[in-house]
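Dear colleague,

Please find below the structure I am handing over to you, together with its sequence. My notes on the findings follow it.

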Amino acid sequence: MPVYHSAQNKAGYKSVCGAALCPLKEGSVNGPAPVARDLELDIIDEAILFFRANVLFSAFEVEGNADRTLIYLTTYIADVIRAMEKYDTLGAAKKAAFTFGCKKDFATPGQA
């Protein structure tokens with residue numbers, strides 16, 4: 001079974017710290033990322049869609065900067081899931097997930 005690569009590798013988006021600055025769906029976040037108006041899946045949708053398959057691979061050949069963004073998002077999703085597994089209720093998990101997202105100690109692309 002092959003690794004799932006990002007469909008956005010061919011688009012040639014701007015690169016920041018080796019990761020692609022891929023467009024996000026309108027209204028999802030504010031920041032430097034461009035708005036994706038005509039894409040069915042943005043990079044976050046791809047990360048969620050391919051998470052189960054890609055997390056099983058020990059080696060991932062990077063085909064472009066969008067793949068680096070996909071890898072970063074996959075590891076972030078795995079960390080969120082790992083942190084949420086100790087909560088019994090949806091409300092407590094949502095509150096903890098928001099707090100987890102506000103943490104500053106998660107390494108971003110370009111940090112050692």
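**Salt bridges and a pocket**

A salt bridge joins Arg82 to Asp79, with 2.6 Å between the closest N and O atoms. Please note that the model is a predicted one. Arg82 and Asp79 both belong to helix α2 (residues 65–84), where they are three residues apart and thus separated by about one helical turn. Arg82 is exposed, at 52% relative accessibility, whereas Asp79 is partly exposed, at 23%.

The count of salt bridges comes to two. In the other pair, Lys25 meets Asp45, and the closest N and O atoms are 2.7 Å apart. Lys25 is located in strand β3 (residues 24–25) and Asp45 in helix α1 (residues 43–54), so this salt bridge ties together parts that are 20 residues apart in sequence. Lys25 has a relative accessibility of 34% and is therefore classed as partly exposed. Asp45 is also partly exposed, its relative accessible area being 22%.

I also looked at the second largest pocket, which holds about 180 Å³ of space. Its lining consists of Asn54, Val55, Phe57, Ser58, Ala59, Phe60, Leu70, Ile71, Thr74, Thr75 and Ala78. Helix α2 supplies the largest share of this lining, with five residues. By residue class, the lining of the second largest pocket has seven nonpolar residues, four polar ones and no charged ones.

With kind regards

Definitions and conventions. Residues are numbered from 1 along each chain as its sequence is written. This is a predicted model: local features need pLDDT of at least 70, side-chain atom pairs count only at pLDDT 80 or more; totals for chains, interfaces and linings use all residues. Side-chain values use heavy atoms; hydrogens and water are left out. A salt bridge is a side-chain nitrogen of Lys or Arg within 4 Å of a carboxyl oxygen of Asp or Glu. Helices (H or I, at least four residues) and strands (E, at least two) are DSSP runs, numbered from the N terminus. Buried means under 20% relative accessible area, exposed over 50%, partly exposed in between (1.4 Å probe, protein chains only). On a 1 Å grid over the protein atoms alone, a cavity is a set of points where a 1.4 Å probe fits but cannot get out, and a pocket is an open set with protein on both sides within 12 Å along at least five of seven lines; lining residues have an atom within 4 Å of a point. Grid points are joined across faces, edges and corners, and a volume is the space filled by probe spheres set on the points. Ala, Val, Leu, Ile, Met, Phe, Trp, Tyr, Cys and Pro count as nonpolar, Asp, Glu, Lys and Arg as charged, and the others, Gly among them, as polar.
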